[in-house]
Amino acid sequence: MLETCKTPPLQPTNHCLVGLSNCTHLKELYLGGNKICEIESLQKLVELHVLDLHSNKLASTKSISQLAANCGSLMVLNLLGNPIFSNVSEDHLRKLMRTLTPHLLYLNKRPIKGFLARDGGALDRVVKATHRHFQKSKSAIKGGTSSRF
């Protein structure tokens, strides 16, 4: 059973997420830097805890809201570098996500205000793993290589 999926950048002609909707047991999904503009197919990933969509082409709160409403177990979400922030402030998105996703603890690498860690350290492991992934991606981009995981 696949629980974590990390993708290298997709080819410019392949910006869809067909097939991922069948991976219903995914816990972590890292799709940063793939020019993704639609995420409707991710709504079936109801066991997802970590979703990294940084540096894509997401511009609307509609698909993100639908995703959040369907993925109730989502704890970490990264949307940095998407055009959505030219349409809505991060504070507004933070309030929206807190309402729709009660278990969300981190948005854009920052903690959601007012949460209490009640998970016996599981959150620390998720956040540390996510942070390591972001650091690897960052160093791979700076070094001029594509990141393969």
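The chain holds 3 helices and 6 strands in what is a predicted model. Read from the N terminus, its elements follow the order β-β-β-α-β-α-β-β-α. The chain has 149 residues, and 40% of them are buried. Among contacts with a separation of 6 or more, 51% join residues that are 24 or more positions apart.

A helix pair is a convenient place to start. Helix α1 spans residues 61-70 and helix α2 spans residues 90-100. Their axes approach to within 9 Å, with a crossing angle of roughly 30 degrees. Because angles under 35 degrees count as roughly parallel, α1 is described as roughly parallel to α2. The crossing of α1 past α2 is right-handed. On the α1 side, the contact is formed by Thr61, Ile64, Ser65, Ala68 and Ala69. On the α2 side, Leu93, Leu96, Met97 and Leu100 take part. Sorted by class, this contact comprises 7 nonpolar residues and 2 polar ones, with no charged residues.

Helix α2 can also be read by the burial of its residues. Leu93, Arg94 and Met97 of α2 are buried. These residues lie on the same side of α2, because the arc they cover around the axis is only 105 degrees. The buried residues of α2 pack against α1 and also against three strands: β4 (76-78), β5 (106-107) and β6 (110-111). Asp91, Lys95 and Thr99 are exposed, and they sit on the face of α2 turned away from its buried side. Leu93 and Met97 belong to the buried set and also appear in the contact with α1.

The backbone offers two further points of interest. Most residues other than glycine have a negative phi. Lys35 has a positive phi, near 60 degrees, and is not a glycine. Its position is in the loop between β2 (28-30) and β3 (50-52). Lys35 counts as partly exposed because its relative accessibility is 41%, and the partly exposed range runs between the 20% and 50% cut-offs.

Asn108 is the other case, with a positive phi near 55 degrees in a residue other than glycine. Asn108 is located in the loop between β5 and β6, and those two strands are among the elements against which the buried residues of α2 pack. With a relative accessible area of 4%, Asn108 is buried, since buried means under 20%. Thus one positive phi belongs to a partly exposed residue, Lys35, and the other to a buried residue, Asn108.

Terms used: Residues are numbered from 1 along each chain as its sequence is written. This is a predicted model: local features need pLDDT of at least 70, side-chain atom pairs count only at pLDDT 80 or more; totals for chains, interfaces and linings use all residues. Side-chain values use heavy atoms; hydrogens and water are left out. Axes are lines fitted to C-alpha atoms, for helices over the stretch in contact, and angles run from 0 to 180 degrees between N-to-C directions. Helices (H or I, at least four residues) and strands (E, at least two) are DSSP runs, numbered from the N terminus. Angles under 35 degrees count as roughly parallel, over 145 as roughly antiparallel, 65 to 115 as roughly perpendicular and the rest as oblique. A crossing is left-handed if the near helix is turned anticlockwise from the far one by less than a right angle, and right-handed if clockwise. Contact means heavy atoms within 4.5 Å. Ala, Val, Leu, Ile, Met, Phe, Trp, Tyr, Cys and Pro count as nonpolar, Asp, Glu, Lys and Arg as charged, and the others, Gly among them, as polar. Buried means under 20% relative accessible area, exposed over 50%, partly exposed in between (1.4 Å probe, protein chains only). The arc is that of the directions from the helix axis to the C-beta atoms.
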